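User: I would like to understand the terms applied to this model, and how each value supports the word chosen for it. Please show the structure before we begin.

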Amino acid sequence: MQSIDVLRREHRDLESMLDGLEAAASRLRAGESVPADWLLSAVALFEGFGNSCHHAKEEQALFPLLAQYGLGPEISFVRALRAQHETDRAYLLEIKEEAERLAANDRTAGPRLAVVLREYVQLLKEHIRIEESYFDGLIGNTMSLADDVQLVEQFDALDRTWNDRRGDGERL
């Protein structure tokens, strides 16, 4: 299904970004420096692409479609994914705060940031694992071809909205 392929491609992009955060966490844990402006840029990218675009595709398009088939917010995997989206947002706030402390030369920020980054990476990797385990089975077997076409159209609209909001002319 094309809609699931879109989400999988985005997962691969997110995993590449997570590799960078994991490397930053390792450097911080080893007492090395990581530029605070790089971390703040990474947070902005995760907030923008991860939350405003990717999670929006799930929350505004995929989950409502699944609810039409009886797979609503009360179903454990949907509830877990929604909760992880909220936890993702909380971690990003904490990473941003710690990166700002790092930028202000607070020596205690590095070790705490290393822990928070590692926890964030673990959360998103587990989130991706859960989603993809349901893509092949339950979701793929539930949606019709018409549903898939509708989701792709909604995903395209969300991509355009996100790109327009960015305003820099770049596209995904």
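User: Which element gives the largest share of the lining of the second largest cavity, and how many residues is that?

Analyst: That share comes from α4, with 3 residues. The model is a predicted one, in which local features need pLDDT of at least 70 and side-chain atom pairs count only at pLDDT 80 or more, while totals for chains, interfaces and linings use all residues. Residues are numbered from 1 along each chain as its sequence is written, and side-chain values use heavy atoms, with hydrogens and water left out.

User: What makes a space a cavity here, and how many are there of 30 Å³ or more?

Analyst: A cavity is a set of points, on a 1 Å grid over the protein atoms alone, where a 1.4 Å probe fits but cannot get out, and a residue counts as lining if it has an atom within 4 Å of a point. Volume is the space filled by probe spheres set on the points, which are joined across faces, edges and corners. By this rule there are 2 cavities of 30 Å³ or more, the largest with a volume of about 60 Å³ and the second largest with about 30 Å³.

User: Which residues line the second largest cavity, and what is the make-up of that lining by class?

Analyst: Its lining consists of Leu 62, Phe 63, Phe 77, Leu 81, Glu 131, Phe 135 and Ile 139. Two or more of these residues come from each of α2, α3 (76-103) and α4, helices here being DSSP runs of H or I with at least four residues, numbered from the N terminus. The lining has 6 nonpolar, no polar and 1 charged residues; Ala, Val, Leu, Ile, Met, Phe, Trp, Tyr, Cys and Pro count as nonpolar, Asp, Glu, Lys and Arg as charged, and the others, Gly among them, as polar. Glu 131 therefore counts as charged.

User: How does the lining of the largest cavity divide by class, and which elements each supply at least two residues of it?

Analyst: This lining divides into 4 nonpolar, 5 polar and 1 charged residues. Among the residues that line the largest cavity are His 11, Phe 46, His 54, His 55, Asp 88 and His 127. At least two residues each are supplied by α1 (2-29), α2 (36-68) and α4 (109-142), with α2 giving the largest share, 4 residues.

User: Why is α2 called roughly antiparallel to α3?

Analyst: The axes of α2 and α3, which are lines fitted to C-alpha atoms over the stretch in contact, with angles running from 0 to 180 degrees between N-to-C directions, come within 10 Å and cross at roughly 165°. Angles over 145 degrees count as roughly antiparallel, so α2 is roughly antiparallel to α3.

User: What is the angle between α2 and α5, and what is that between α1 and α2?

Analyst: Helix α5 (residues 145-166) packs against α2 at about 155°, with the axes 10 Å apart, and α2 is therefore roughly antiparallel to α5. For α1 and α2 the angle is about 155° and the axes are 11 Å apart, which makes α1 roughly antiparallel to α2.

User: What makes the contact between the side chains of Arg 8 and Glu 132 a salt bridge?

Analyst: A salt bridge requires a side-chain nitrogen of Lys or Arg within 4 Å of a carboxyl oxygen of Asp or Glu. Arg 8 and Glu 132 meet at 3.5 Å, N to O, and so qualify. Because Arg 8 lies in helix α1 and Glu 132 in helix α4, the pair ties together parts that are 124 residues apart in sequence. The structure holds 14 salt bridges.

Notes: On a 1 Å grid over the protein atoms alone, a cavity is a set of points where a 1.4 Å probe fits but cannot get out, and a pocket is an open set with protein on both sides within 12 Å along at least five of seven lines; lining residues have an atom within 4 Å of a point. Angles under 35 degrees count as roughly parallel, over 145 as roughly antiparallel, 65 to 115 as roughly perpendicular and the rest as oblique.
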